[in-house]
Each structure stands twice: as C-alpha cells, then as structure tokens.
Amino acid sequence: MEFEKVIRERFSVRKFKNDKIQDELINKILEAGNLAPTAKNNQPQKIYVVKSKEGLEKIDKASPCRYNAPVCLIVASDKNIAWSKDNYSTYEMDACIVATHMMLEATNVGVDNIWIEMFDKNILKQAFNLDENIEPICLIPLGYKTDDCKPSHLHNTRKNLSEIVEYK
Ligand SMILES: Cc1cc2nc3c(=O)[nH]c(=O)nc-3n(C[C@H](O)[C@H](O)[C@H](O)COP(=O)(O)O)c2cc1C
C-alpha cells in the first residue's frame, strides 16, 4: 500500500472477527518494528506476541480493550537497556516509535489494529512473569475488523493545523 494510503486509511478497530492472522504477516509487522529508530540504537524494546488461548485470557484480565482480536502484542521496554542520562530515560519513547512502526505496517499488510493504553501494568507483569526492569508500554490487538466496524467519531475529529502548528 502507498504510505499516503496507509496513514489515511488507518483507524482504531474495536470489533474484531475470530479469523486468525497468517504468521507471515505477523512476522512482517514485527520486522517493521525492528527497523524503528531508538535512542543510541539501544533497542530496548521487548515484544510479546500473545495468541494462545491462555495468553489472551491473561490479556483480558489486564485490559477490557482486546476487542476479541486473535493476536495481541505487548510492546514493552527494558529500562536497563534504554538510553538514559541523569533521571531521564527514553525507554517509553523508543517503545512508542516501535509500536507506531508496527501499527502502520499492520495497516499496510491489511491487518487491523488499535493502540491500547488502558491496561493494568501490575496484573500484566505478573500474568506474563515479566522482570522488574521490563515495562509494558502499550498493547496492540491485531486482527480483521467485523463487517459492521466503522471508525469512531473521534477518528474524524482532527484539530486544524493552524491550532497545532506555529511557524517561528
Ligand atoms: C497513546 C494511545 C492510547 C490509547 N488507548 C486506548 C485505549 O486504551 N482504548 C481504546 O479503545 N483506544 C485507545 N486508543 C485509541 C484512540 O482512542 C484513537 O487513536 C483516537 O481516538 C483516534 O482515533 P483513530 O485511531 O481511529 O484515528 C489509544 C491511542 C493512543 C495513541
């Protein structure tokens, strides 16, 4: 898909079919994340691909926002690996760029998706046995939208560029 089309056609999907995703497509999405820039190229990201029944049940205990997706990525970041200076670390920023790459590649290969922030970090960390230094940043449910799934009203509510851009 043309990049222009990808960014214009992407929208948050909140109603997924049960249909599985081919592993080949999941790999493409993961590879796109791997090409993302990170501070000092430290690549602190950790991606957990959850698709087993038990794994998805654990996701559902931590978040109400899987929306029946057959695959859910946990995008996490290793605080011990991310670039840091004084009290500042790019662990979250790095993981967000990786997540964005994956989200757009998912759209590019026809896999619907959504970025989820609403989850309980402690429940998730415990359920998936994540080390102390591994910080979950977001979830990305992946799958195929139902036929009646439409963009939410928020999708088309965009500020005018003049409200958010200033030339100095
Ligand atoms: C950082 C971030 C956190 C989000 N968290 C949630 C969430 O927890 N649950 C949800 O349903 N949507 C979530 N969304 C989706 C946004 O609501 C959505 O992107 C926004 O309303 C614009 O709609 P669009 O993605 O269809 O263009 C999140 C998006 C971002 C970028």
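**A tour of the sheet around strand S2**

Begin in this predicted model by selecting Leu73, and you will find that this residue stands opposite Ile140, which belongs to strand S6. Keep S6 displayed and add helix H3, residues 53-62, which packs on the sheet and touches S1, S2 and S6; if you compare directions, that of H3 makes about 115° with that of S1.

Next, select the whole of S2, residues 71-78, and look at its surroundings: the strand is mostly covered, with seven of its eight residues buried. Then select strand S6, residues 134-143, together with S2, and follow the eight bridges over which the two pair in the antiparallel sense. Within this pairing, Val71 is another residue to pick out, since you will find it opposite Leu142 in S6.

Now turn to strand S1, residues 45-50, which is joined to S2 by six bridges, the two strands running antiparallel. Here the residue to select is Val50, which stands opposite Cys72 in S2.

Finally, display the four strands together, and you can read the order S1-S2-S6-S5 across an open sheet with antiparallel pairing. Which strands are at the edges? They are S1 and strand S5, residues 112-113, each of which pairs on one side only.

How values were computed:
Residues are numbered from 1 along each chain as its sequence is written. This is a predicted model: local features need pLDDT of at least 70, side-chain atom pairs count only at pLDDT 80 or more; totals for chains, interfaces and linings use all residues. A residue is buried if 20 or more other C-beta atoms lie within 10 Å of its own, exposed if 12 or fewer, and partly exposed in between; C-beta atoms are placed from the backbone. Two strands pair if DSSP finds at least two bridges between them. Two residues are in contact if their C-beta atoms, placed from the backbone, lie within 7 Å. Axes are lines fitted to C-alpha atoms, for helices over the stretch in contact, and angles run from 0 to 180 degrees between N-to-C directions.
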